[in-house]
Amino acid sequence: MTVRLSIAEARALTLHTQGLTGRPLSGVREAIDHLGLLQIDSVNVFERAHHMPLFSRLGAHDKHELERLTEGFNPPVIEYWAHEATFIRSQDFGLFRWRMRDFENYHLTKSAEWRAANLDLLDWLIAEMRDRGPLTVSDFEHEQKSQRRGNWWGWSDVKIGLWHLFSEGRVASAGRQKFTRRYALLDQVLPAEVYEAEVPELEARQELLRRAAGVLGVGTVKDLADYYRFNHVKTKGWVAALVASGFLAEVEVGGWRDKAYVPSSLLVDDAWANAPTPDATTLLSPFDPLVWHRERNERLFDFHYRIEIYTPEPKRVYGYYTLPVLWRGRVVGRVDLKSDRQAGVLRVQSAWHEDGASGPGATSVGAASGRAGKVDVGGQSLSASEVVELAHDLAVNLRAAAAWQGLGEIWVAKKGNLSAALSAALKH
């Protein structure tokens, strides 16, 4: 018999498996173990993406702890292409050997001309790391380092060569220096039993799908495929095998068109179903596993979300780099934050709650986006009293975020239908 979950149950299950229901994770290392990865992004207007899922689950934490986990020989954490560029557990290196071979085959075919012309350069890069140890791109002294190409985003041949070696698993990350990746030979970073380990592709993919299901809680084939960036068509067969083995159970989620899957163990031990609604309020990174798959985010939370970094400023609705807000088990708002480190101020450049509910000084989302009539962007209606409560709870979280960033003040711009209520809440 197919199990049926309401959308509320699907949300509760997801928040439970994502580590967002109030059971505190013990620290950065446990959080990475739990999520399996942290996506890396270079934008630093508020805080880099890989620190934000940790803040959402741990609160204010020592950011240097993650750095320490990536340093030295045999570090617990390294980098690889797991979702996008991500931090992963070093012991999981062998689970991605199939992807490293895929990169090598791609480079040998699609980049064959560049490869043939730069074999000596690749050998030289390896020799330099052998002689000098871990190096950043700028540490390599080579005439081709400054000769940028029209393709590869204007990268130099040195950077392209390091990309080839890193993605093929021939070199590894050795921590970062001011956010710049340091490259090293495998035996300079990992013990042989780690970098020589290789899990057969099918076994590795199924293990990664098991982990994805464990973090997502409930997901369609596309949701499961997205976590480690698998082809979703091929993933259907791998998911079917996990159902046949009993690891996954097929379920129906109210309002979802496609079938979904849940680890069978979560249907047996369903303590999450009877847990009280989480009352936590926290900021989320655009690259948090809870919201990074935009289509799933809309199905699960009725929350339409896009990053507007690449949108021309006159066409932006919410702001340059808005962060979703998780409140009482729902994603019901977003704030555009900037850490003004020179002035010591956390700048809330806009603050929004979903729909046109009239909190103090509210402005219609529809008016901001140019759409007429009552607009319910997220399908979630907040009463006026809920808007005030949201503003209060968000103010508490923003104070914690500002302190974590070493910022002494919070300044709220008069933009967004939550800004007036949030500004008032921060004054109390």
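The exercises below, each with a worked solution, concern a predicted model.

**Exercise 1. Which parts of the chain does the salt bridge between arginine 89 and aspartate 33 link, and are the two residues buried or exposed?**

Step 1. The closest approach is 3.6 Å, N to O, and the cut-off for a salt bridge is 4 Å.

Step 2. Arginine 89 belongs to strand β4 (residues 85-89) and aspartate 33 to helix α2 (residues 28-35), so the salt bridge, by its 4 Å rule, links distant parts of the chain, 56 residues apart.

Step 3. Buried means under 20% relative accessible area. Arginine 89, at 16%, is therefore buried. Aspartate 33 has 38% and is partly exposed.

Step 4. Both residues also belong to a wider network: salt bridges with shared partners join Asp33, Arg89, Asp92, Glu207, Arg210 and Arg211.

**Exercise 2. Locate glutamate 84 and arginine 229, and state what their salt bridge ties together.**

Step 1. The two side chains meet at 2.8 Å, N to O.

Step 2. Glutamate 84 sits in the loop between β3 (77-81) and β4, while arginine 229 sits in the loop between α12 (221-227) and α13 (232-244). The pair therefore ties together parts that are 145 residues apart in sequence.

Step 3. Glutamate 84 is partly exposed at 32% relative accessibility, and arginine 229 is partly exposed at 36%.

**Exercise 3. Assign the accessibility class of each partner in the salt bridge between glutamate 250 and lysine 259.**

Step 1. The closest N and O atoms of this pair are 3.7 Å apart.

Step 2. Exposed means over 50% relative accessible area. Lysine 259 has 51% and is therefore exposed.

Step 3. Glutamate 250 has 30%, which makes this residue partly exposed.

Step 4. For the whole model, the count comes to 30 salt bridges.

**Exercise 4. In what order do the strands of the open sheet of three strands lie, and which stand at the edges?**

Step 1. The order is β2-β4-β3, and the pairing is antiparallel.

Step 2. β2 (38-39) and β3 each have a single partner strand, so they stand at the edges, and one side of each is left without a neighbour in the sheet.

Step 3. Between β3 and β4 there are five bridges. Across this pairing, valine 77 stands opposite arginine 89 in β4.

**Exercise 5. Which residues of helix α7 are buried, and why do they line one face?**

Step 1. α7 (residues 119-132) has 14 residues and reaches 20 Å from its first C-alpha to its last, close to the 20 Å expected.

Step 2. Its buried residues are Leu121, Leu122, Leu125, Glu128 and Met129. Seen down the axis they fall within an arc of 120 degrees, so they line one face of the helix. In general, an α-helix has 3.6 residues a turn, so residues three or four places apart point the same way.

Step 3. The buried residues pack against α6 (112-117), α8 (157-167), β5 (171-177), β6 (180-185) and α9 (186-189).

Step 4. The face turned away from the buried side carries the exposed residues Asp120 and Asp131. Just after α7, glycine 133 takes a positive phi of about 85 degrees.

**Exercise 6. Where around the axis of α19 do its buried residues lie, and what covers them?**

Step 1. In α19 (residues 419-426), Ser419, Ala421, Leu422, Ala425 and Leu426 are buried.

Step 2. They cover an arc of only 165 degrees, which puts them on the same side of α19.

Step 3. Their cover includes β12 (345-353), α18 (384-404) and β13 (409-412).

Notes
Residues are numbered from 1 along each chain as its sequence is written. This is a predicted model: local features need pLDDT of at least 70, side-chain atom pairs count only at pLDDT 80 or more; totals for chains, interfaces and linings use all residues. Side-chain values use heavy atoms; hydrogens and water are left out. Buried means under 20% relative accessible area, exposed over 50%, partly exposed in between (1.4 Å probe, protein chains only). Two strands pair if DSSP finds at least two bridges between them. The arc is that of the directions from the helix axis to the C-beta atoms. Contact means heavy atoms within 4.5 Å. The expected span of a helix is 1.5 Å times one less than its number of residues.
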